[in-house]
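Biologist: I'm new to this one. Could you put it on the screen and let me ask how you arrive at your labels?

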Amino acid sequence: ARTEMQKSLERLNPIREIIDPKTGKTDITGRRQYRYFQWLARDEFAALKKANPNASEKLLWKKSFEKSELVQDLVKTANEYRYKVRQLKLNWNKYNKGLNIERLLQQFGINKLL
């Protein structure tokens, strides 16, 4: 049950942790997320590039991320998701005791959660 709950929480994450195939490590802030943000903010970048053709591309992307409503909504949703997961972890013991999960598990012959 715990594994399924963890999988459910991971599926709800708007910006899932991405495994970098080269290193095998989790890469949440890396290239793939950056490329996805670029795809979302491509129209804003094109407008900024047209207005400032000599400006640094890195600076233009940064400004386009700040300007893009899609990127900002995604970041806001990801922050809200992380907050709710933190609250769930902090309050799990209180809810666990209140719902008598141990008694429920004993009814099904389960000794402990993994």
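Modeller: Sure, let's start with a helix pair: Arg42, Glu44, Phe45, Leu48 and Lys49 in helix 3 meet Glu57, Leu60, Trp61, Lys63, Ser64 and Lys67 in helix 4. Meeting here is contact, that is, heavy atoms within 4.5 Å. By class, this contact has four nonpolar, one polar and six charged residues. Ala, Val, Leu, Ile, Met, Phe, Trp, Tyr, Cys and Pro count as nonpolar, Asp, Glu, Lys and Arg as charged, and the others, Gly among them, as polar.

Biologist: Is this an experimental structure, and how are residues numbered?

Modeller: This is a predicted model, where local features need pLDDT of at least 70 and side-chain atom pairs count only at pLDDT 80 or more, while totals for chains, interfaces and linings use all residues. Residues are numbered from 1 along each chain as its sequence is written, and side-chain values use heavy atoms, with hydrogens and water left out.

Biologist: What makes helix 3 oblique to helix 4?

Modeller: The axes of helix 3 (residues 42-51) and helix 4 (residues 57-67) cross at roughly 130 degrees and come within 8 Å. Under 35 degrees would be roughly parallel, over 145 roughly antiparallel, 65 to 115 roughly perpendicular, and the rest is oblique. So helix 3 is oblique to helix 4. The crossing is also right-handed, meaning the near helix is turned clockwise from the far one by less than a right angle.

Biologist: How many helices and strands does the protein chain have?

Modeller: Six helices and zero strands. Helices are DSSP runs of H or I with at least four residues, strands are E runs of at least two, and both are numbered from the N terminus.

Biologist: Why is glutamine 38 called buried?

Modeller: Buried means under 20% relative accessible area, exposed means over 50%, and partly exposed is in between (1.4 Å probe, protein chains only). Glutamine 38 has 10% relative accessibility, so the residue counts as buried. Glutamine 38 sits in helix 2 and, leaving aside neighbours within four places in sequence, is in contact with Trp61 and Phe65.

Biologist: And what makes tyrosine 36 partly exposed?

Modeller: Tyrosine 36 is in helix 2 (residues 31-40) too. Its relative accessible area is 41%, so tyrosine 36 lands in the in-between class. The C-alpha atoms of tyrosine 36 and valine 71 are separated by 9.1 Å, although these residues are 35 residues apart along the chain.

Biologist: What share of the protein chain is buried?

Modeller: Buried residues make up 22% of the 114 residues.

How values were computed
Axes fitted to C-alpha atoms, helices over the stretch in contact; angles between N-to-C directions.
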